[in-house]
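Colleague: Could you take a close look at the charged side-chain contacts here, and then say something about the cysteines? I would like a connected account of where the partners sit and how far the solvent reaches them.

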Amino acid sequence: MTPYGLQVEQRTQPLGLDEPRPRLSWRLSGERRGAAQSAYRITAAENEQDLDEASRLIWDTGRRDSTENLLITWEGPALRPTTRYHWRVEIWDETGTPSGRAQSWFETGLLRPAEWTAVWIGRDPRALPPIDPPTDDDLDTPGPAEAPLYLRREFQLPSRPVRARLYATARGVYEPRLNGARVGDLELAPGWTEYHHRIQYQTYDVTDRLHAGDNVLAAIVADGWWSGYVGFDPRRPARHYGEAPQFLAQLVVDLADGSRQVMATDDGWTEHTGAIRAADLMMGQYVDARHDLPGWDSPGAHGDFRPVAILDTAPGPLTAEPDAPIRVTTDTAAVAVHRRGPDRFIVDFGQNLVGHLRLRLHDTRAGQRVVVRHAEVLTDGELYVENLRRARATDTFITAGRATEVFEPQFTFHGFRYAEISGFPGELTEADVTARVVHNDLDWTGRFECSDPLVNQLYANIGWGQRGNFIAVPTDCPQRDERLGWLADAQVFAPTATRNADVSAFFARWLRDVVDGQDTDGAFRDVAPIVAMDREGAPAWGDAGVIIPWLLWRTYGDRRVLERCFTAMVAWIEHIRRHNPGLLWERRTGNSYGDWLQVDAETPRDVLATAYFARSTQIVADAAMVLGRAAEVTRYRALHAAIRRAFIDAYVGDDGSVKGGTQTAYLLALGFDLLPADLVGTAVAHLAADIRRRGDRLTTGFVGVPLLCPVLTDHGHSALAYALLHQDAYPSWLYSIRHGATTIWERWDGWTGQDGFQSAAMNSFNHYSLGSVGDWLYSRVAGIDQSAESVAYRELILRPTPGGQLTWARAEQQTARGLVACGWSITDDRLTVTVTVPPGSTAVLQIPTTEPGDVRENDVPAAGAPGVLGSEPTAAGLTLRLTSGRYTFTAPA
């Protein structure tokens, strides 16, 4: 057994950390059955070699008897700014024997506002005409007022540094450069937060990029979310935070003689306009290569550089970026290029994705205009762009006339499968164009696969939807004029997101925006960051501020996120209660979207709202228990019981019917435990009858769909859940796949054979909400879940569920504790189940078989197999209690 996957604040080797008391974690691996950690020792030092010198350690926990490996709080000395710390963990196994060790490092950022000497700089507003938001015409031929900043500062060093760090950020988005080359590989930094409350800065190791003598620190800065187009409100399409982009940076250089030099943004910087004439996240980027500034970011550059203006002397609410940054994570080649005219081509990348193109041109003449337009789907062989609404999603490149030119916009992103390239000189081939996929570079920790290629495509579509919509915030869609952090979309998909990737730090950071947006009455909002959507959150939307912190606790053991969100969680419940003394949530429901985009059904909004009121209140009570807040436990358990009674009295009939009679009404009542025990069976029967009456078709929208298959499976209707999974007639998951979908659509009827495209006013082909079924694929089909009392997969529930048209299925997850895997296959009427339980965890494995006495491992009865702690025959098969390790059981199918 060995530790691996060491993390600090849920990140691997973070460079630049502003958390004064960071938390340390590790995973455990080992195949020996029953392996478990019994003790650990953490040591830390400022120099790696000092980890082996006890006298030079700055922190030593000594051997601590503990099975815990998650989020151990730093108890060493107060952390110093801009300092690298090395740490090591040693572990002992369940017998008390030393078992293994591993080490890593983390580095602090500036930590305190006083460490900043930089000031915010930007274009002198007196140097150019006032900057207005770009119009459509401006983007065709933009002028200098729209041009991003090209900033530079020369400085000298007496010798090569022994250590150098660049701390940089922007009000806007930026690309740092040093001595003629780009620094790092981050995209769209610093990301998007509630800028009024918090702006992130990034840390770069630039030690090897500096030399003795003349050096140049430079940056290109564009509008981004700060002053560019965001959202769809025509009354305020742009400039949500400021009028124009600004830059702030601090280069800290340590020399061999022990001295330190700091080069910060100040009035010694200069700026120019360059080849990028306009850049907007939604509208696109315009590059005129004839305006290139050769060597502008290198020493000795010449040109008409203007002095910058100091726009703000206070650094403001800066914080080190706490989660994985946005990067290009993969390149996707074109699968087909179709000529549509003398110089116009349609390129198909075979996958709806999010990012930008890299286009290579040869033997151009100066002044040729190459225009790239993007779309998710085609209609009659041409781009379908009506659903983009105001988003132009158009990039333009004016050639300089070189033998080879490369066009790759860096300050925009688009959602697309197809690109139209017009004005391209010569013959465009697949080798000339590449799609570069951009999103937060999360560790992908989960995998699901099965015997049905269509279900595998569904899983792939879910993953691509997550990648494309996890860009700075969890957005609803990446292509049209919206791209907002809608709370309901995030909370219904979050359980699936945690299966696919490590989203612990990503969601914890975004929750700060959710809490920052809460109003004085306690209402969360529909979106975070707020931008122009400044209204009270609707039922299931505002509830994300309660549901997601609890999910992060259950999935990752993140108690700190509960502590930081708890006051806001309570305020949300009190907001609802205060305006609904009868405990039915009928007033102050915001926009009250209901079961958004349900089909052929209308779930009563008060039923949905009250169900969520009950669920969120229950979570607050449970969170209070975790945090040791006894008074709140009592208060909110009582309130939950009262809401539950009110729900039953108002909405539940004596025959188990639920007001409205829709699938979602029953799913909420069943999934949130809002029915008397004696009426659960009849309510399930009503739900199943509705689905069968519709020919095994669903009616659920965003809110109901994550509950659909789990509730059916948990109440004895797994066959019906599988029927919905395999359904390929409208409405269904596979209907879109049968018609070419490679991501999850926003609507079940985004396109149908009968009616064609839905209204272009709202028709995204890359939304993840309806992909929330992914959690069920992991938890029920493959079988990976945890008990209700478990935290971070300490106590596993493994319940593989064979069924439908599948002959096998399997999944694996790198949980916070280690690798968990579960899978099954059926061959010749024999069921094989394979499971992996990480060291320190236990599992209850439910094997579905008609003959529980014939469950075996390697010809040994399962009850007597090594690592099996107990067994119990049940009506559904055999239940085994397992220690850690890998197992393979066989049984009659």
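Modeller: I would begin with E31, which counts as exposed because its relative accessibility is 53%; on this scale exposed means over 50% relative accessible area, buried means under 20%, and partly exposed is whatever lies in between, with a 1.4 Å probe and protein chains only. Before going further, please keep in mind that this is a predicted model, in which local features need pLDDT of at least 70 and side-chain atom pairs count only at pLDDT 80 or more, while totals for chains, interfaces and linings use all residues. Residues are numbered from 1 along each chain as its sequence is written, and side-chain values use heavy atoms, with hydrogens and water left out.

The partner of E31 is R886, and their side chains meet in a salt bridge at 3.4 Å, N to O, the term meaning a side-chain nitrogen of Lys or Arg within 4 Å of a carboxyl oxygen of Asp or Glu. This pair links distant parts of the chain, since E31 lies in the loop between β2 (23-29) and β3 (37-45), whereas R886 belongs to strand β49 (residues 885-892), 855 residues apart; strands here are DSSP runs of E, at least two residues long, numbered from the N terminus. R886 itself counts as partly exposed, because its relative accessibility is 46%.

A search of the whole structure finds 83 salt bridges, and some have buried partners. In one of them, R163 and D254 meet through their side chains at 3.8 Å, N to O, and this pair too links distant parts of the chain, with R163 in strand β11 (residues 161-171) and D254 in strand β16 (residues 246-255), 91 residues apart. Both R163 and D254 are buried.

E482 and R480 also form a salt bridge, their closest N and O atoms being 2.8 Å apart. E482 counts as buried at 6% relative accessibility, and R480 counts as buried at 1%. Elsewhere, salt bridges that share partners join R84, E107, R163, R165, D205, D254 and R260 into one network, so R163 and D254 reappear there as members.

As for the cysteines, the structure holds zero disulfides, a disulfide being a pair of cysteine sulfur atoms within 2.5 Å. For C709, the closest cysteine sulfur, in C450, is 13 Å from its own sulfur, which is too far for a bond. C709 counts as buried at 1% relative accessibility, and C565 is buried as well, with a relative accessible area of 4%.

Technical notes. Helix = DSSP H or I, 4+ residues; strand = E, 2+ residues; numbered from the N terminus.
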